[in-house]
Amino acid sequence: MPKVLVSDPIDPVGIELLGQVAQVDVQTDLTPEQLIQVIPNYDALMIRSGTKVTPEVIEAGKLLKIIGRAGVGVDNVDIPSATRKGIVVVNSPEGNTIAAAEHALTMMLALSRHVPKANVSLKAGKWERKKFTGVEVYKKTLGIVGLGKIGSHVAKVARAMGMQLLAYDPFLSQERAEQLGCKLVELDFLFSEADYITLHIPKTPETYHLINAETLAKMKSTARIVNCARGGIIDEAALAKAIDEGQIAGAALDVFENEPLGESPLSAVEGDLILTPHLGASTEEAQTNVAVDVAEQIRDVLLGLPARSAVNIPGLRPEVLEKLQPYMLLAETLGNLVGQLAGGRIESLDIRLQGELANNESDPIVIAALKGLLSPALQERVNYVNAGIEAKERGIRVIETRDAAARDYAGSIHLEAKGPLETRSVTGALLGDNEIRITDIDDFPVNVAPANHMLITLHRDMPGIIGQIGSQLGGFNVNIASMQVGRKMVRGDAVMVLSLDDLPPEGVVAEINKTEGIRDSYIVTLQ
Ligand SMILES: NC(=O)c1ccc[n+]([C@@H]2O[C@H](COP(=O)([O-])OP(=O)(O)OC[C@H]3O[C@@H](n4cnc5c(N)ncnc54)[C@H](O)[C@@H]3O)[C@@H](O)[C@H]2O)c1
Ligand SMILES: O=C(O)CC[C@@H](O)C(=O)O
């Protein structure tokens with residue numbers, strides 16, 4: 001049974017789900033050193049934002065196949081290291097969207113009405129009504145930085161509260177912003193016009209310290225900032241100074257550059273500053289959603305199935321995945337076949353998507369073809385995660401073309417692998433029940449189902465040659481399950497494809513290559 005380590009608190013429903021297919025160990029108080037010590041025993045790691053999955057953890061995780069982040073942000077996982085090692089990293093892109101958006105809105109309202117301070121005052125026996133006079137959000141301008149899933153929900157609710165909406169998101173269309181009632185503006189304009197600024201962006205090199213002394217200086221003295229996105233987007237020392245000096249009216253933060261917060265200039269702020277300990281996703285509903293979402297993906301990957309929200313392999317919507325999955329298998333089989341035929345060094349792989357496939361997303365098919373191509377050399381070390389990188393590192397140029405006019409099959413894939421000395425090609429299609437058929441080898445038409453063991457010969461079409469190969473295989477005690485010849489002209493060049501019941505012993509190829517008329521022969525293993 002595979003083993004899963006759960007190193008942050010996860011809703012029991014997720015652990016139960018994983019328990020159906022794996023041994024699950026929950027250890028939520030491991031130090032970084034202890035994590036490195038235990039991780040070699042595990043096939044999967046399930047985390048929230050607490051565990052830091054460093055390059056050292058990934059290096060030590062010799063058996064690791066998947067890291068599941070029960071949440072959105074994967075900035076606590078070293079993705080490049082995981083990708084290089086072929087480890088799938090999955091998250092739950094939508095499970096906590098509502099929770100995080102509602103927390104941002106809660107922070108905005110609590111800040112406007114001094115809720116935390118009024119609560120403390122009242123519990124201290126005071127009745128300070130005038131001191132805690134607040135402001136309304138109605139008719140105020142909200143600047144949303146990042147109009148993705150969470151930002152969009154904030155926009156919908158804020159609009160319903162009567163706020164004017166500005167948004168900055170360089171990756172979003174004007175049309176989408178308008179649908180949400182937002183005016184898409186430049187960042188400086190948003191900073192100078194907004195009464196409230198709420199951040200819903202990832203932490204990237206571009207967004208690090210986006211809010212700093214210089215940008216704070218552009219804001220209104222009545223501006224209030226909410227950050228329920230990621231620590232590090234705000235320069236905390238600059239923010240503390242801006243609040244205490246009255247440069248802005250206040251801020252509410254759920255996330256911090258260092259978590260847990262520890263010693264920080266924020267702790268000493270006397271002005272309006274609300275802090276919560278990364279609670280954005282902490283609702284019962286969100287924790288159930290993310291636990292189930294990620295546990296299901298870990299289960300699937302451990303069972304050899306694809307993950308639906310992998311962050312380091314081409315992401316696919318479930319409906320697209322359902323359609324493309326059989327073609328991915330076809331591409332992988334063809335890649336594997338052409339890789340074995342080409343042998344040795346491959347300089348480029350031409351991938352032609354034909355028929356209905358020409359109008360589909362190609363990334364998953366390209367990745368699957370590369371995985372197949374490299375698997376004769378790399379075996380299980382290549383997978384959907386690292387196939388692209390491995391191909392690039394080997395200098396394999398990938399050329400993608402599309403031919404919607406090809407009509408022999410609904411959809412088919414043609415692969416051509418060029419090496420320094422020769423070029424080999426294969427084509428394949430799917431039949432009725434998504435059954436794979438190899439329909440061309442080196443442009444010779446065939447119609448063969450892939451088999452575990454196959455013998456493929458390039459030969460001259462001449463009387464007696466098929467019988468001779470049959471007898472030679474019989475001499476090696478190898479049983480032939482099926483046989484096909486593909487030729488373009490009588491007594492010209494041809495290919496012969498034999499599906500075999502047994503793996504031929506060493507020496508078969510050398511023996512067959514001695515036969516008159518045989519140009520070359522290959523033992524191929526597919527499936
Ligand atoms: N506090 C919490 O507990 C909590 C919970 C969930 C998510 N989050 C965080 O909230 C943030 C948003 O999550 P989401 O699910 O909405 O993500 P998302 O990917 O749906 O949206 C992010 C948006 O930011 C935009 N963006 C990227 N770079 C930008 C830039 N430089 N300037 C402006 N816009 C930029 C993208 O185009 C996208 O529209 C993430 O950082 C996530 O980790 C926090
Ligand atoms: O695990 C958590 O509670 C935080 C999750 C949140 O930051 C996220 O990015 O999904």
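**Two ligands and a core**

Colleague: How many residues surround ligand 1?

Modeller: In this predicted model, the closest ones are Lys 149, Ile 150, Asp 169, Ile 201 and Asp 254. A residue is counted as near if one of its heavy atoms lies within 4 Å of the molecule, and the number that surround ligand 1 is 25.

Colleague: Before we go on, how are residues and ligands numbered, and what pLDDT do local features need?

Modeller: Residues are numbered from 1 along each chain as its sequence is written, while chains are lettered from A and ligands numbered from 1 in the order in which they are written. Side-chain values use heavy atoms, without hydrogens and water, and side-chain atom pairs count only at pLDDT 80 or more, totals for chains, interfaces and linings use all residues, and local features need pLDDT of at least 70.

Colleague: Which residue has a side-chain N or O atom 2.6 Å from an oxygen atom of ligand 2?

Modeller: Polar contacts here are pairs of N or O atoms within 3.5 Å. A backbone N or O atom of Val 72 lies 2.5 Å from an oxygen atom of ligand 2, but the side chain you ask about, at 2.6 Å, belongs to His 278.

Colleague: Where does the largest nonpolar core lie?

Modeller: This core, a set of buried (under 20% relative accessible area, 1.4 Å probe, protein chains only) Ala, Val, Leu, Ile, Met, Phe, Trp, Tyr and Cys residues joined through side-chain atoms within 4.5 Å, has 47 residues. With bounds from an automatic or database domain assignment, both domains give residues to this core, so it lies between domain 3 (317–450) and domain 4 (451–527).

Definitions and conventions. Buried means under 20% relative accessible area, exposed over 50%, partly exposed in between (1.4 Å probe, protein chains only). A polar contact is a pair of N or O atoms within 3.5 Å; within protein, one must be able to donate a hydrogen and the other to accept it, and residues adjacent in sequence count only if both atoms are side-chain atoms.
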